Amino acid sequence: MQFSAMFASHRADTQAFLGWVGPDGVIFEFVNGNRNTATDKFANDPNLFKRSGVVTVHAPLRAVAARLLMRKNDTYEGQGDSYAWFWRPYIGAAREGQNSWNDWSPGNARVVQVASDARVESKFTTLADADRAIGQRIDSVVADYQGRDANTNARVDGQATALADAKQALGQRIDTVDASIGSAVDAKAQDITTAYTTADQALGSRTSTLEASATGGSSNVKNDRFALWPDGQTYPTAWTVWQGGGNYRVERTIAEMGSPYCVRALNDSPDVESGFYQTIASLPGKWVVEVTAQNSGGNLQGAGVTLSGIYNLDFASEPDTNGYVGDRTDYTPPRTWVKVFDVGDHGTLNVHAMQGWRGFNRGISPKYMKWYRLSVRPAGPGDIAGVKNAVDVTAVSARVANTENTLADLPNRYAAAARTATIEAQLAYQQASGLSNAIGAVDGRVTDTTNALVARIEDRATAIADAKAGAVAQTVSQLRAEYNGTSATVSQQAGAIVNLQGKATAYVRLVADAGGGRAALSLWSDQYGGAWSLQGNGLIDGDLTLTGSLNTGKLAPNAVTASAALKAQNAQVNANAEVGSASATIITSSSSAVRIEYKCLASYYASQGGASAGCYGTVVRIANGVETAVLAVRFGSNTFTNDWAYDFPPEGQVTYVLRFRDYIATGSGGYYWSVSQIQLGILGFKR
């Protein structure tokens, strides 16, 4: 890089510095420009200005940004007040070994120096000793062009590696083709093939990835999504207050829209001006203003965006990208406005996020707003043709990825093969893809998750033979379409499994899910038989024949939904003891009623040691781990007992258990009850 500035001064030295900014937003290192002495005349003659800077300097690896600092040093000793004038600050690209200053131009995040380069490189590495041999070849063909308005790059890389020693052998080839125009248009293709073997293991792998993408122009606004906002800082980095009338204040708030933070601006006072801004460089031409904001209290009167008070976007009168104008009580989510301006030759512009501004020629209401993004960028062909103001498409991409793997492991008696194929097309507001690939440069660059159209098809197949577990074959297919958080998917899974105990299982699952509704069909079979499950509303256009039971909570009132009739073995109930007898489990719904009935013959055998206070037959309901007595009857001696009751259980699985319980009246026991001819009946029906 190169940096410089022009200085004039009176009674003091001047100097330029470049500060390297780390990921935390703090300058961690400075580069000193040359120190200039005073020009001894006022700054009314540009020929008298002196330059301070460095012709070429390398950026440290930690640096994510650079800041130019211009300094007037202390007044010369023994002299009065000193003055300094700064002119034409500059940061730009420089070539390796460059020894001349670049031409100055207004800054706009585009390189100034034109450069082109073409090169072919080949590197060979060989190593052989008593234990191993290594061979590697790397071929690179590169063509680069760097100019004022565009950067284009083309690159072809090939890498082949072979390694062998007494225990293992490895062969790998990586081929990559990459072509790009700046950071906006990119096409990549990569193939990776690997073969690896040891004395008793072998692995083969191949991955192919194709990707094409195009993104919109970058914003001249620094920190346009407010993502860089250190703790304790009043405003996001690069932004500052414009006016703070009334009780205007701002808060750092979680954004949940592709950036960690958004600006929440609040003002409870009417008819006062407030807002925040930053200064950007500009050139004559067409420029696009893109802003996403949300009104969370009050109305939009006085809110909007202005560039130095010349180019204005009034939220109260401009249509958003969905065509809505003004306040909408039925539309509370964030809204996006986009507008194209013909910008004159200003050199710089102040970009204002206006909470309240009289320049819109309307009153200013008190309001609470969230600002998610404020971008100003040069217009592209689509913007100029009128595509803007309809939909903000800043990224399109298409990807194809194929991965194949094989593994054979002799000691563990294991073999596996897997294949994955993925196809994806995407139209996005800089939406990152979840597609896993080996050349994720686009995924690394594109990180927002605002609105996106995504279409995706994925197929996976796996085959495993394991001497310890058995054989498994599985396929998974998924189709997915998505827009702005709403998705529709169709997935299908199929599998066949045989274990070493001879158990075989086969299954198929088909699911259609559109968010608001879900339909699923499952088929499976094993040594116990076959079954199927169907979820969702259905229509059978024909006859339905059942040869088994039908259980449901959706029948007509009084329709039987479950039943159980049980006989139990005779029971003996000793003194002060409890004995469990028959039990039945049914599935109930929220509208189920259950009739419980039991019968038995009880005989009492007395003893001189004590007497019974009575023996009871009780039916207990067990649901969700809670026991509730629903029917209890006291027996008479040598009496046949028959009783029933209605129960209204909770929804789910319910178990009814018949228990017999004796209570001692006197003495220590010694007697018992004999209970025979025990019957329990359960009948569930819809209320």
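**Exercise 1. Find out whether C262 is buried or exposed, then look at the cysteines of this predicted model.**

Let's start with the accessible surface. C262 has a relative accessible area of 0%. Buried means under 20%, so C262 is buried. Next, search the whole structure for disulfides: the result is zero. Take C600 as a case to check. Its nearest cysteine sulfur belongs to C615 and lies 8.3 Å away, while a disulfide needs the two sulfur atoms within 2.5 Å. C600 is therefore in no disulfide. With a relative accessible area of 0%, C600 is buried.

**Exercise 2. Describe the surroundings of T75.**

First, place the residue: T75 belongs to strand β5, which covers residues 65-75. Then check its exposure, which at 31% relative accessibility is partly exposed. Now list the contacts beyond four places in sequence: R11, G80, D81 and S82. With S82, the side chain of T75 makes a polar contact of 2.6 Å. Finally, compare sequence and space: A12 is 63 residues from T75 along the chain, yet their C-alpha atoms are 4.9 Å apart.

**Exercise 3. Classify the aromatic pair of W357 and F360.**

Begin with the total, which is 18 aromatic pairs. For W357 and F360, the centres are 4.9 Å apart and the planes make an angle of 85°. Angles over 60 degrees count as edge-to-face, so this pair is edge-to-face. Both partners are buried, W357 at 12% and F360 at 8%.

**Exercise 4. Locate the charges that sit over rings in Y507 and W644.**

Over Y507 sits the charged end of R509, 4.6 Å from the ring centre. Over the face of W644 lies R595, at 4.5 Å from the ring centre.

Technical notes
Residues are numbered from 1 along each chain as its sequence is written. This is a predicted model: local features need pLDDT of at least 70, side-chain atom pairs count only at pLDDT 80 or more; totals for chains, interfaces and linings use all residues. Side-chain values use heavy atoms; hydrogens and water are left out. Buried means under 20% relative accessible area, exposed over 50%, partly exposed in between (1.4 Å probe, protein chains only). Helices (H or I, at least four residues) and strands (E, at least two) are DSSP runs, numbered from the N terminus. Contact means heavy atoms within 4.5 Å. A polar contact is a pair of N or O atoms within 3.5 Å; within protein, one must be able to donate a hydrogen and the other to accept it, and residues adjacent in sequence count only if both atoms are side-chain atoms. Rings of Phe, Tyr and Trp (its six-membered ring) pair if their centres lie within 6.5 Å; planes under 30 degrees apart count as stacked, over 60 as edge-to-face and the rest as tilted. A charge sits over a ring if NZ of Lys or CZ of Arg is within 6 Å of the ring centre and within 35 degrees of the ring normal.
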